[in-house]
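Open your viewer, load the model and keep the selection tool at hand. We will walk through it one stop at a time.

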Amino acid sequence: MTSRYRASDFADSVNSLSPRRRTVVKAAAATAVLAAPLATALPARAATDAPAFLHGVASGDPLPDGVLLWTRVTPTPEATPGSGAGPDTEVSWVVAADKAFSTIVAKGSTTTTAASDHTVKADIRGLRPATDYWFRFSAGGTDSPVARTRTAPAADAAVTGLRFGVVSCANWEAGYFAPYRHLAARGDLDAWLHLGDYIYEYKSGEYAARGTVVREHAPTHEIITLADYRIRHAKYKTDPDLQALHAKAPVIAIWDDHEFADNAWSGGAVNHTEGAEGTWKDRQAAAKQAYFEWMPVRPAIAGTTYRRLRFGKLADLSLLDLRSFRSQQAATGNGSVDDPDRTITGRAQLDWLKAGLAASDTKWRLVGNPVMISPFVVGSLTADLLKPLAKLLGLPQEGIALDTDAWDGYTDDRRELLAHLRSHAIGNTVFLTGDIHMAWANDVPVDAGTYPLSASAATEFVVTSMTSDNLDDIVKVPEGFVSAIAAPVIRAANRHVHWVDTDRHGYGVLDITADRAQMDYYVLSDRTDKNATASWQRSYRTRTGTQKVERTYDPV
């Protein structure tokens with residue numbers, strides 16, 4: 001990798017930065033100039049020239065007749081992620097109807113190179129619907145671990161039930177990924193949804209657990225270049241709990257901002273300094289390339305993550321990309337949240353979403369939604385709570401009552417979408433959301449100011465962060481303390497909110513039948529404990545035809 005700048009230009013740009021940004025850029029430049037492969041992106045391995053599958057295996061985007069398989073091979077010890085080193089390597093795969101591989105149903109091979117960071121994707125077709133399969137890869141006489149995957153039901157199948165794990169906001173330095181381990185142990189998932197922030201871009205120590213690094217990521221500087229993003233993805237893929245879940249069920253993933261940089265939009269990000277950190281166009285392209293190399297996700301419309309999957313007659317799932325096309329956030333002073341010329345989806349994606357929802361003939365219409373669509377005002381929170389809440393949302397801390405990085409910052413798009421649901425009598429629409437580091441169960445009102453006298457157009461289940469700091473972590477008080485104070489105030493100011501927990505870390509399990517869609521919320525005992533336990537906290541459901549959330553007192 002070579003620097004994009006002459007040495008004199010680079011020195012001038014660095015000297016103009018704040019001390020924090022200088023440190024980030026100097027570290028990035030050192031990596032770019034030296035092109036030093038970071039062995040910390042690899043787990044410990046024996047000193048051997050034999051190929052190795054050090055980052056696990058995975059599957060994703062299940063279809064009725066197929067699934068996407070993924071792995072990364074390390075052909076030689078020096079072929080570390082992001083290094084650009086290592087020979088072209090033939091990798092084969094085999095798919096079987098049984099774990100013993102006595103009944104082979106598909107096999108093939110491909111050659112992977114340093115150009116794709118030695119990652120491998122195989123889009124397998126010709127499989128049976130709603131069926132478990134097992135698969136593995138091989139290279140140079142070495143076999144990968146064996147993994148299970150599952151195809152989606154046939155499009156016209158009368159499916160009685162579906163069950164998905166639901167996660168968001170997995171910050172390596174802030175804790176261990178116990179939610180992945182607990183979901184892997186269930187053994188009853190058709191698939192699992194990752195709603196964004198699969199990785200984080202910060203330099204080491206900038207965003208940890210109440211300021212404390214639980215485990216150091218790689219590279220230690222803020223990721224900017226293609227090599228940086230590859231190394232960071234590789235580090236995450238060494239996590240044993242993440243590998244375990246990828247080996248048990250297919251993932252359905254979308255990106256949010258931290259796969260790029262904090263509060264990303266189509267032309268930049270809060271955590272990007274144009275020029276000193278290269279161009280946003282180059283950084284965004286690098287992040288997207290690394291994402292599609294390292295994730296079992298099919299590049300979809302316009303090379304982004306918005307796409308649609310179907311699960312028989314029971315549900316379809318529209319997956320959104322709310323970073324690639326959005327206007328700059330209004331919190332930066334770039335216009336009003338109500339400006340009709342500002343967009344979170346982009347025109348083409350919003351039209352695609354509306355058309356898909358109107359044409360859907362399934363019982364449920366699920367929407368994988370990176371940021372919260374329900375309106376949210378903070379109410380009369382005291383200053384000591386309002387300021388950390390604003391910090392969490394990336395807002396000015398002087399009393400701004402909107403999360404302008406979410407749909408609240410793009411109200412014209414939201415009004416158009418909700419009006420479309422109402423005017424076309426589209427029911428049973430459920431938004432599945434991450435990002436905000438809190439758990440919520442919401443109705444999605446057409447007019448929040450008059451709710452509940454006005455209608456609810458949909459419902460929304462929001463899962464909390466796996467490890468990233470939430471309100472009690474920012475305030476640095478015992479878990480549950482902030483929620484006990486803030487939740488009643490938030491609910492009083494937002495009558496469509498049935499429940500909010502501002503403090504805990506965990507995950508969700510979504511269970512769908514013809515009669516209802518139910519989210520079970522689980523919380524961790526301690527995100528900083530690699531052996532953390534998980535316990536059921538609450539459950540909410542929406543019954544068919546209601547467009548409203550209600551509490552239920554037992555998990556599925």
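The tour starts with the whole chain and then moves to smaller selections.

**Before you click**

This is a predicted model, in which local features need pLDDT of at least 70 and side-chain atom pairs count only at pLDDT 80 or more, while totals for chains, interfaces and linings use all residues. Residues are numbered from 1 along each chain as its sequence is written, and side-chain values use heavy atoms, with hydrogens and water left out.

**Stop 1: the whole chain**

Select the protein chain and show it as a cartoon. Its secondary structure comes to 11 helices and 22 strands. Here helices (H or I, at least four residues) and strands (E, at least two) are DSSP runs, numbered from the N terminus.

Now switch on the surface. The accessible surface of the chain comes to about 19,400 Å², and 53% of that belongs to carbon and sulfur atoms; these areas come from the Shrake-Rupley method with a 1.4 Å probe, and for residues only the protein chains shown count as cover. Of the 556 residues in the chain, 61% are buried. Buried means under 20% relative accessible area, exposed means over 50%, and partly exposed lies in between (1.4 Å probe, protein chains only).

Contact means heavy atoms within 4.5 Å. Among the contacts in the chain with a separation of 6 or more, 71% are between residues 24 or more positions apart.

**Stop 2: an open sheet**

Hide the surface and select strands β12 to β18. These 7 strands form an open sheet with mixed pairing, in the order β12-β13-β14-β15-β17-β16-β18. Two strands pair if DSSP finds at least two bridges between them. The edge strands, each pairing on one side only, are β12 (307-311) and β18 (497-501). On average, neighbouring strands of this sheet are turned by 20° against each other, direction ignored.

Zoom in on β13 (residues 315-319) and β14 (residues 364-369), which pair in the parallel sense over 5 bridges. Click L317, and you will find its bridge partner L366 in β14.

Next, add helix α7 (residues 347-359) to the selection. Helix α7 packs on the sheet and touches β12, β13 and β14. The direction of α7 makes about 15° with that of β12; axes are lines fitted to C-alpha atoms, for helices over the stretch in contact, and angles run from 0 to 180 degrees between N-to-C directions.

Then add helix α11 (residues 481-493). Helix α11 lies across β16 (439-445) and β18, running at about 160° to β18.

**Stop 3: charged partners**

Side chains of opposite charge can pair when their charged atoms come close. How many salt bridges does a search of the whole structure find? The search finds 36, where a salt bridge is a side-chain nitrogen of Lys or Arg within 4 Å of a carboxyl oxygen of Asp or Glu.

Select R307 and D61, whose side chains meet in a salt bridge (2.9 Å, N to O). This pair links distant parts of the chain, with R307 in strand β12 and D61 in strand β1 (residues 57-63), 246 residues apart. Are R307 and D61 buried or exposed? Both R307 and D61 are buried.

Move on to R125 and D123, a salt bridge whose closest N and O atoms are 3.3 Å apart. R125 is partly exposed, with a relative accessible area of 44%, and D123 is partly exposed too, at 37%. Now add R298 to these four residues: D61, D123, R125, R298 and R307 are linked in a network of salt bridges.

**Stop 4: a covered hairpin**

Select β19 (residues 506-512), where 7 of the 7 residues are buried. Both faces of β19 are covered, with G506, G508, L510 and I512 on one side and Y507, V509 and D511 on the other.

What pairs with β19? Strand β9 (residues 162-167) does so in the antiparallel sense over 5 bridges, and F164 has L510 as its bridge partner in β19. Strand β20 (residues 516-524) also pairs with β19 in the antiparallel sense, over 7 bridges. Together, β19 and β20 form a hairpin with 3 residues between them, and G506 stands opposite V523 in β20.
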